[in-house]
Amino acid sequence: MNHAMQGVDITQAIRTRRTIKPEKMNGRIIPEDIIVDLLSQADWAPTHGRTEPWRFVVIAPGRVKEFATRHAGLYKQHTDPTSFTPEKFNKLVMLGENTSHIIMAWMKRVPNHKVPAIEEIAATSAAIQNILLTATAHGIASFWSTGGLTHHPAMKEEFKLGEEDIILGFIYLGYSDEPFKEGSRMIPLSEKIEWIR
Ligand SMILES: Cc1cc2nc3c(=O)[nH]c(=O)nc-3n(C[C@H](O)[C@H](O)[C@H](O)COP(=O)(O)O)c2cc1C
């Protein structure tokens, strides 16, 4: 375990993890060994049939702005001019402004699969949550986004993914000067649970 994680218990990491967007980040670069730690924690997600379907593309600091601009360009290219908005275009560009690293997380569909796709998506999502929790333990701000062109075929093409592979999102990572805010939930926990006794 990376030493920065010692002393952060699992409950604390779960409860204090918050979505913190790049506009709240300060541009400080995350050391690469911490990024490697996030990814190695991701690799311990549960996996049905031991397919280990999670895959990651790490966009390093020197390439983050370029990617954000490319994402905005894809949005412009693939959006009908009647629904295109410069606000959304600029928002996509700005996602690269204070971000240290972006991790694109995708599910690799194994050939001749027996495991249903939904389970591979579930396993990859569990791996992503490991990244978010480990980031929190390191005091790193994170934002799991499926905005922009995330689910557009053009994005899959951009990363040369197979037809059955699925992009689960972009994880924007960085440091923030602001303390992690209190979270809020709209639906009481009791409404989400049914006990069978
Ligand atoms: C699969 C997934 C996709 C998300 N995509 C977006 C997004 O595109 N834009 C956004 O503002 N937030 C996105 N979020 C973050 C949620 O808005 C956020 O988790 C929610 O507001 C709860 O806040 P918390 O993460 O601080 O608990 C996404 C979350 C998940 C799980």
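1. Let me start just past helix H5, where Gly139 takes a positive phi of about 75 degrees. Keep in mind throughout that this is a predicted model.

2. H5 (117-137) itself looks regular on paper. Its 21 residues reach 30 Å from the first C-alpha to the last, close to the 30 Å expected at 1.5 Å a residue. The buried residues of H5 include Glu120, Ala123, Thr124 and Ala127, then Ile128, and also the run from Ile131 through Leu132, Leu133, Thr134, Ala135 and Thr136 to Ala137. Do look at Glu120 and the threonines when you go through that list. The cover over these buried positions includes helix H1 (10-16), H2, S1, S2, strand S3 (141-145) and strand S4 (166-174).

3. Now the sheet. There are 4 strands in an open arrangement, ordered S1-S2-S4-S3 and paired antiparallel. S1 and S3 are the edge strands, each with a single partner, so one side of each has no neighbour in the sheet. From one strand to the next, the twist averages 20 degrees. H5 packs on this sheet and touches S1, S2, S3 and S4, and its direction makes about 0 degrees with that of S4.

4. Strand S4 deserves a closer look. Of its 9 residues, 7 are buried, so S4 counts as mostly covered. On one side, S4 runs antiparallel to S2, and 7 bridges join the two. To check the register, try Ile103, whose bridge partner in S4 is Ile171, and then Met104, which has Phe170 as its partner there. S3 also pairs with S4 in the antiparallel sense, over 5 bridges. For that pairing, Ala141 is a handy marker, as it stands opposite Gly174 in S4.

5. Two residues other than glycine caught my eye for their backbone angles. Glu52 has a positive phi of about 45 degrees and sits in the loop between helix H2 (32-42) and strand S1 (54-59). Asn112 also has a positive phi, near 50 degrees, and belongs to the loop between strand S2 (101-107) and helix H5 (117-137). Are they buried or exposed? Glu52 is partly exposed, because 15 other C-beta atoms lie within 10 Å. Asn112 counts as exposed, because it has 4 C-beta neighbours inside 10 Å.

6. Leu95 is another loop residue, placed between helix H4 (86-94) and S2. Why does Leu95 count as buried? Because it has 27 C-beta neighbours inside 10 Å, where 20 or more is the mark for a buried residue. Setting aside neighbours within four places in sequence, Leu95 is in contact with Pro22, Ala68 and Tyr172. Lys76 is 19 residues away from Leu95 in sequence, and their C-alpha atoms are 16 Å apart in space.

7. Finally, the ligand. Which residues surround it? They are Arg18 and Thr19, the stretch Trp144, Ser145, Thr146 and Gly147, and then Gly169 and Gly183. Sorted by class, this shell around the ligand has 1 nonpolar, 6 polar and 1 charged residues.

Definitions and conventions: Residues numbered from 1 in each chain as written. Predicted model: local features only at pLDDT ≥ 70, side-chain atom pairs only at ≥ 80, totals over all residues. Buried ≥ 20, exposed ≤ 12 C-beta atoms within 10 Å, placed from the backbone. Near = placed C-beta within 6 Å. Nonpolar A, V, L, I, M, F, W, Y, C, P; charged D, E, K, R; others polar. Expected span 1.5 Å × (residues − 1). Contact = placed C-beta atoms within 7 Å. Pairing = 2+ DSSP bridges. Axes fitted to C-alpha atoms, helices over the stretch in contact; angles between N-to-C directions.
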